[in-house]
Amino acid sequence: MIWLCIGALIIAILWFVCMTPWPFVLLLRHKKEEPREKGRSDQKQIEEHLTIKKGLPYPSSYPSATYDVYYDPKTPAKRILVWVHGGAFIAGDSRGTKNFGPMMAKQGTIFYAINYALAPAHHFPDQILQIDEFLKALPQLLSKEGLPMPSHLYLGGDSAGANMVAEYTCMKYDALLCEKSHVQLQLLYCGPYDFAEDLTNPKLKDFVKMFHYLGWAYLGKKSWAKHEEKYLASPYHQVNQKFPATYLCDGRKYSFLWQGKKLAEKLSDMQVYVKSDFYEDMPHEFQFDYVKYPKEAMEVFENSCAFMEDIERK
């Protein structure tokens, strides 16, 4: 009997290792990395007099439905910016913008950083639908803070979050999937935008194994590269002329600069208003490291603010 139990346990372990993406996901989640987001030397002064609330709930059918909010209670808000964090679809949370959020709030922005259900427990398009749930709840959430709805609603995301934001913006024109929210602009930082790219592309050589497992985790199929979902979850293949004004940034080192460039080119060809900052010598998520890359990180921040203000003048 004991040998039967041991055999069943071995089979279960083999199934877990070979037939699910969980071992890779757990390894990646527990890999100790130095936090990428590092605040400016004057971060405490930036946060003075701001209202900062974290871990608040929003109505959702999915888990991890919480958000952080940052705003200046003494200054009328010009805009709302809803941010979707990165983390390779399987990790991360709203703490990734704990410095960026206050910086945006100082610019007259009500900044929301949302959490969402992570893969592989939840697959595409659950995360996109959850973004939609948050946006539907925005009037209620603003009311709780005693804030009026500004006339400008923007979305932003970094890494996997940039993919989801761009994907939401594509899918929101399908009434069966997402509410037709009036998103006027989006900020996309260091995102992957094309799951359907040929995995033999030399530019993917550092990402092939990771792409395999993350695609499996996010899209829900081990053979995801053979299925339609790789196109449905790829903003590059879903964009259209209704896409809002878009600002993109990325760096070449261990990131997706070439995908950002081809998305920017496609949007430009569609007459979508697009601006971009691409850096040959910057790594993935450099834009949130104000200590190691202060010049480039602040350039992205300032250009993002200028882009929003440009839209508001039109």
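# A tour from Tyr 67 to Asn 240

Select Tyr 67 first: Tyr 67 stands opposite Ile 114, a residue of strand S4. The model on screen is a predicted one.

**Strand S2 and its neighbours**

Extend the selection to S2 and S4 (residues 109-114), which are antiparallel and pair over four bridges. Next, colour S2 (residues 66-71) by accessibility. Five of its six residues are buried, so the rest of the structure largely encloses this strand. Now add strand S1 (residues 51-57), which is joined to S2 by five bridges, again in the antiparallel sense. To find the register between S1 and S2, pick Lys 53; its bridge partner in S2 is Val 69.

**Whole chain**

Zoom out before going on. The protein has 314 residues, and 53% of them are buried. Its secondary structure comprises 11 helices and eight strands. Show the surface: about 14,800 Å² is exposed, with carbon and sulfur atoms supplying 57% of that area. For contacts between residues at least 6 apart in sequence, 75% join residues that are at least 24 apart.

**Strand S5**

Select residues 153-158, which form strand S5. Is this strand enclosed by the rest of the structure, or open to the outside? Six of its six residues are buried, so S5 is largely enclosed. Turn the view to compare its two faces. Leu 153, Leu 155 and Gly 157 lie on one side, with Tyr 154, Gly 156 and Asp 158 on the other, and both faces are covered.

Now show the strands that pair with S5. Strand S3 (residues 79-84) runs parallel to S5, and five bridges join the two. Within that pairing, Ile 80 has Leu 153 of S5 as its bridge partner. Strand S6 (residues 185-189) is also parallel to S5 and is joined to S5 by five bridges. Here the pair to pick is Gly 157 and Leu 188 of S6, which stand opposite each other.

**Helices H5 and H6**

Move to helix H5 (residues 126-145) and select Gln 127, which is part of this helix. With a relative accessible area of 0%, Gln 127 is buried. Show its side chain: one of its polar atoms lies 3.0 Å from the backbone oxygen of His 122. Leaving aside residues up to four places away in sequence, Gln 127 touches Tyr 116, Ala 117, Leu 118, Ala 119, His 122, Met 164 and Tyr 218.

Then display helix H6 (residues 160-171), which packs against H5 at an angle of about 75°, the two axes being 9 Å apart. Angles of 65 to 115 degrees count as roughly perpendicular, and H5 and H6 are therefore roughly perpendicular to each other. On the H5 side, the contact is made by Gln 127, Ile 128, Ile 131, Asp 132 and Leu 135. On the H6 side, select Met 164, Glu 167, Tyr 168 and Met 171.

**Asn 240**

The last stop is Asn 240, in the loop between helix H9 (235-238) and strand S7 (245-253). Is Asn 240 buried or partly exposed? Its relative accessibility is 21%, so Asn 240 counts as partly exposed; the buried class ends at 20%. Show the side chain of Asn 240, which reaches the backbone nitrogen of Lys 242 at 2.9 Å. Finally, add Met 270, which is 30 residues from Asn 240 along the chain; the C-alpha atoms of the two are separated by 7.1 Å.

Definitions and conventions: Residues numbered from 1 in each chain as written. Predicted model: local features only at pLDDT ≥ 70, side-chain atom pairs only at ≥ 80, totals over all residues. Heavy atoms only, no water. Buried < 20%, exposed > 50% of the residue type's maximum accessible area, 1.4 Å probe, protein only. Polar contact = N/O pair within 3.5 Å; in protein donor to acceptor, adjacent residues only side chain to side chain. Contact = heavy atoms within 4.5 Å. Areas by Shrake-Rupley, 256 points an atom, 1.4 Å probe, with all protein chains shown as cover. Pairing = 2+ DSSP bridges. Axes fitted to C-alpha atoms, helices over the stretch in contact; angles between N-to-C directions. Parallel < 35°, antiparallel > 145°, perpendicular 65-115°, else oblique.
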